[in-house]
Amino acid sequence: MGVFSSKGPNVITPDIIKPDITAPGVNILAAWSPVSTARTAGININYNILSGTSMSCPHVSAVVALLKSVHPYWSPAAIKSAIMTTATNTDNTQNFIRNDDSTNATPFDYGSGHINPAAAIDPGLIYDYGTNNLIDFLCSYGASVAQLKNLTGTPVYCKNPPTPSYNFNYPSIGVANMSRKLSVYRTVTYVGEGPTVYYSKLEAITGVRTSVYPNVLRFSKSGEKLTYRIDFVPYKSSNGSFEFGSLTWRNDVHLVRSPIAVNVISV
């Protein structure tokens, strides 16, 4: 990971892991305006070697355009999900991604991982959400009727009690303040062809016992939606820092991976 890359945790909505994704951004051969170099260096060049998030972003934008051309009716949330759940947390030597100082990177460094365009075209499962889900999420952080009306144009009222922010149907899973047993829910949409079965695999999280129910998802047709639950039982405080794990759904073809970040504040 480049030393300049944006890092988590998310200080505004901490139950959402940030960043979402990482993409090539170091020493990128990029188009360059000859006018710029003519003024500053007296030479005209059309290309340059650049580094920065401004190099990484165009890679992701191009993958989004690619997915939209293949799946023109997918929502922005579906496209984001496909990109995130098919990303890899290993480098091109098949070792885990590391930081610029050679320490092990975490989802607060690379998000869901390094972007994989070919896999994102056929993700198998997606986490989708719509306007009502977004309103529930804003309500979980105390949005007022006036604030919501600024977005919707009409009065919208929050549920009482509000849906917890960690239950927003995001492709990653975060719980920023865990002090007791709790359950997190997600709904996946099958976007493959024909019947299939997905099996779950949980990566252990230090200080937290986890289980998923059901641990097998059986789909009969494309477009079918199924909901699962992850139960978290904390037994050790994380002393103010986040602990990480992951949940992967696997069938014969696809790996659908979601990073997990939890902060156990007390037990």
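Which residues have the most contacts inside the largest nonpolar core? In this predicted model, they are Y228, F232 and W249, and the core they belong to has 25 residues. Strands supply much of the story here: β4 (173–178), β5, β7, β8, β9, β10 (243–250) and β11 (255–264) each contribute at least two residues to this core. As background, nonpolar side chains in soluble globular proteins tend to be buried together.

Let's stay with Y228 for a moment. Leaving aside residues up to four places away in sequence, Y228 touches Y127, I173, V184, Y185, R186, V188, V212, Y213, P214, L217, L247 and W249. W249 is thus both a contact of Y228 and, like Y228, one of the residues with the most contacts inside the core. Apart from this core lies another, with 14 residues, among them L67, A78, A82 and I126.

Now for the strands themselves. Four of them form an open sheet in the order β3-β5-β9-β7, and their pairing is antiparallel. At the edges stand β3 (125–126) and β7 (208–213); each has a single partner strand, so one side of each is left without a neighbour in the sheet. Between those edges, β5 (residues 182–190) and β9 (residues 225–234) pair in the antiparallel sense over eight bridges. If you would like one pair to locate on screen, take V188, whose bridge partner in β9 is L226.

Another antiparallel pairing is found between β6 (residues 196–203) and β8, which are joined by four bridges. Here Y198 has L217 in β8 as its bridge partner. L217 is worth a second look, since it is also on the list of Y228 contacts. Which residues of β8 (residues 216–219) point to the buried face? They are L217 and F219, while V216 and R218 point to the other face and are not buried. This fits the general pattern that side chains in a regular strand alternate between the two faces of the sheet.

Turning to the helices, α6 (residues 131–140) packs with α7 (residues 145–152) at an angle of about 150°, and their axes are 11 Å apart. That angle is over 145 degrees, and α6 and α7 are therefore roughly antiparallel to each other. Their crossing is right-handed. At the contact, I135, L138 and C139 in α6 meet L148, L151 and T152 in α7. The buried residues of α6 are I135, D136, F137 and C139, and the buried residues of this helix pack against α7. Just after α6, G142 takes a positive phi of about 85°.

Helix α3 (residues 76–85) is mostly covered, with eight of its 10 residues buried. Those eight are A77, A78, I79, S81, A82, I83, M84 and T85. Two of these names, A78 and A82, are also among the residues of the 14-residue core. The cover over the buried residues of α3 includes α2 (53–70), α5 (117–121), β3 and β11.

Our last stop is D100, in the loop between α3 and α4 (107–110). Is D100 buried or exposed? D100 is exposed: its relative accessible area is 55%, and the cut-off for that label is over 50%. D100 does have contacts, though, touching M1 and V3 when residues up to four places away in sequence are not counted. As for A30, 70 residues from D100 along the chain, the C-alpha atoms of the two are separated by 22 Å.

How values were computed. Residues numbered from 1 in each chain as written. Predicted model: local features only at pLDDT ≥ 70, side-chain atom pairs only at ≥ 80, totals over all residues. Heavy atoms only, no water. Pairing = 2+ DSSP bridges. Buried < 20%, exposed > 50% of the residue type's maximum accessible area, 1.4 Å probe, protein only. Core = buried A, V, L, I, M, F, W, Y, C linked by side-chain atoms within 4.5 Å. Contact = heavy atoms within 4.5 Å. Axes fitted to C-alpha atoms, helices over the stretch in contact; angles between N-to-C directions. Parallel < 35°, antiparallel > 145°, perpendicular 65-115°, else oblique. Left-handed = near helix turned anticlockwise from the far one by under 90°.
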